[in-house]
Amino acid sequence: MHIFTHPNFDFVRWKWHAIAISWVIILAGAFVIYAKGMPKGVEFSGGTIVIVKFDQTPDLDKIRAALPGGGADAVVQSYGAPETKQVLIRIHSAGAESGGSLSATADAVVTELTKAGMGPIAPTCAPGQAGNCIAGRSVVGPTVGRELEQRGILATVFALAGILVYIALRFRLSFAVGAVVATIHDLLITVAFLALFKYELSLNVIAALLTITGYSMNDTIVIYDRVRENMRSMRRDNIASVVNAAVNQMLDRTMITGGLTLLSVIALFFFGGEVLKGFAFTMIVGIITGTYSSVFIAAAIVVIWQGRTPMKTAPAAPVAPAKKPGKRARAS
C-alpha cells in the first residue's frame, strides 16, 4: 500500500523551523507548570477517591458544598457516561500518613453527603441495585505516592540511558544522541500538552509516557537503519541528502503505522471511559509528536552533528600487478 508516489520532500530544510515550534510548545508548557503547577493524581500526591452512583442526576455544586471544608481540597466531576449518574470525588491528603486516617476521609465523605439530604448511600453497588451506592473507592498514602513518583522518574531515566548505549553501539554516537534527544523532546511536548489541557499526572499517564518512549524509538530506529543503508549506496552525497532520501523512502511506512495506531487510541479516548481518558490523551499527543520527531528532530540532529561534508567513499581495491610471461620449459 502506497500513500505517496516517489516522494521527494526536503525535510532537512525545515529542521530549524521544526525545532523552533517545539521550543515554543515546551516553553508554554513550562510556563503553565511554573505558574499553576502540574496537577498530580492521588497516586502521587496521596488522598482518597470515592465514586458514588446516584439514583437521580447529581448536582456537582451541591455535592462539592456538602464535602468537608466546603470542598476546598476536593475535585468533584462526572464519571463515566451521563446515564450512569456517577460522580468521582477526589480528596487530596493534608499530611495524613496512616491508611486509617485516609479511610476515615472516605467515610466522612459518605456521611456528609447523607447529611446534605442526598439520601442513604449503600457501601457497595450490587448488580441492578436501585438507589445511591458506592461504586468504588481507593486510598493512597502520601508516602506511597512519593515512592511511586520516584520510581516513575527512575524508570524513564534508565530507559533513556539504555537506549543511548544500545544505539551508540548499534549505529553511531550521533545517531544515539539524535534518538535520545528526540525521545526527550516527545516527553517534554507531551507533558506540556498535559499541563495546557489540565490533565493530572497519574499512573496511567506514566504508563503512556513510557509507551511513547518505546513507540517513538522504534520509528526512529527504522529510519536510522535506512540511513545506514543509504550511506553505503550514496557515498558521494552529503549527509543531508542521505537523510532526506531515507525519510522519504520510509514515509509510507511511517504514515500508515502512525495513522492506524492513532485511530485506535482516538477510539479509546472517546469510548474507553473516564479512567482511560488521561492515558488515551497522552498516547494521542505522543504518537503525533513521536512521528514528527522521528522525521524532523532525530534526523535533523544527525545532520547537524555530521555537518554537510560529503560521505567518504570506499577505497578502491588494489590492482594486482600483471605477471610477466615466463620462459617455456624445454621439451625433453
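# Reading a predicted model, feature by feature

User: Let's begin with covalent cross-links. How many disulfides are there?

Analyst: The count comes to 1 disulfide. Bear in mind as we go that this is a predicted model. As a general idea, a disulfide is a covalent bond between the sulfur atoms of two cysteines. Here the partners are C125 and C133, with their sulfur atoms 1.9 Å apart.

User: Which handedness does the disulfide of C125 and C133 have?

Analyst: The torsion about the S-S bond is about 100°, so the disulfide of C125 and C133 is right-handed.

User: And are C125 and C133 buried or exposed?

Analyst: C125 is partly exposed, at 29% relative accessibility. C133 is buried, with a relative accessible area of 0%.

User: Now the sheet. What is the order of its strands?

Analyst: First the general idea: strands of a sheet pair through backbone hydrogen bonds, either parallel or antiparallel. In this model, 5 strands make an open sheet in the order 2-3-1-5-4, and the pairing is mixed. Strand 2 and strand 4 are the edge strands, since each of them pairs on one side only.

User: Which sense does each pairing around strand 1 and strand 4 take?

Analyst: Strand 1 (residues 47-53) pairs with strand 5 (residues 132-140) in the antiparallel sense, over 7 bridges. Strand 1 also runs antiparallel to strand 3, and 7 bridges join the two. Strand 4 (residues 121-122), on the other hand, pairs with strand 5 in the parallel sense over 2 bridges.

User: Where can I put my cursor to see the register? What stands opposite T48 in strand 5 and in strand 3?

Analyst: T48 is a handy place to look. Opposite T48 you will find V139 in strand 5 and I91 in strand 3. For the parallel pairing, try I121, which stands opposite N132 in strand 5.

User: Which residues does T105 touch, leaving aside its neighbours within four places in sequence?

Analyst: T105 is in contact with T48 and I91, the pair we just met facing each other across strands. T105 itself sits in helix 4 (residues 99-115) and is partly exposed, with a relative accessible area of 26%. Also, T105 and V50 are 55 residues apart in sequence, while their C-alpha atoms are 9.7 Å apart in space.

User: What about salt bridges: how many are there?

Analyst: There are 6 salt bridges. One of them joins E200 and R90, where the closest N and O atoms are 3.5 Å apart. E200 is in the loop between helix 6 and helix 7 and R90 is in strand 3, so this pair ties together parts that are 110 residues apart in sequence. E200 is partly exposed at 22%, whereas R90 counts as buried at 10% relative accessibility.

User: Which parts of the structure does the D107 and R137 pair tie together?

Analyst: The side chains of D107 and R137 meet in a salt bridge at 3.3 Å, N to O. D107 lies in helix 4 and R137 in strand 5, so the pair ties together parts 30 residues apart in sequence. Both ends are partly exposed: D107 has a relative accessible area of 38% and R137 one of 40%.

User: How far apart along helix 7 are R226 and E229?

Analyst: R226 and E229 are 3 residues apart in helix 7, and therefore separated by about one helical turn. Their side chains meet in a salt bridge (3.3 Å, N to O).

User: On to backbone torsions. What is the phi of K85 and of K198?

Analyst: K85 has a phi near 55°, a positive value in a residue other than glycine. K198 is not a glycine either, and its phi is about 60°. K85 is in the loop between strand 2 (74-79) and strand 3 (86-92), while K198 is in the loop between helix 6 (173-196) and helix 7 (203-233). K85 is partly exposed at 27% relative accessibility, and K198 is exposed at 63%.

User: Last stop, the surface. Which residues make the nonpolar surface patch of about 370 Å²?

Analyst: I266, F270 and F271 make that patch. F270 lies in helix 9 (residues 251-271) and is exposed, with a relative accessible area of 54%.

Conventions. Residues numbered from 1 in each chain as written. Predicted model: local features only at pLDDT ≥ 70, side-chain atom pairs only at ≥ 80, totals over all residues. Heavy atoms only, no water. Patch = residues over 30% accessible without salt bridge, like charges linked within 9 Å, V, L, I, M, F, W, Y side chains within 5 Å. Areas by Shrake-Rupley, 256 points an atom, 1.4 Å probe, with all protein chains shown as cover. Salt bridge = Lys/Arg side-chain N within 4 Å of Asp/Glu carboxyl O. Helix = DSSP H or I, 4+ residues; strand = E, 2+ residues; numbered from the N terminus. Buried < 20%, exposed > 50% of the residue type's maximum accessible area, 1.4 Å probe, protein only. Pairing = 2+ DSSP bridges. Disulfide = S-S within 2.5 Å. Contact = heavy atoms within 4.5 Å.
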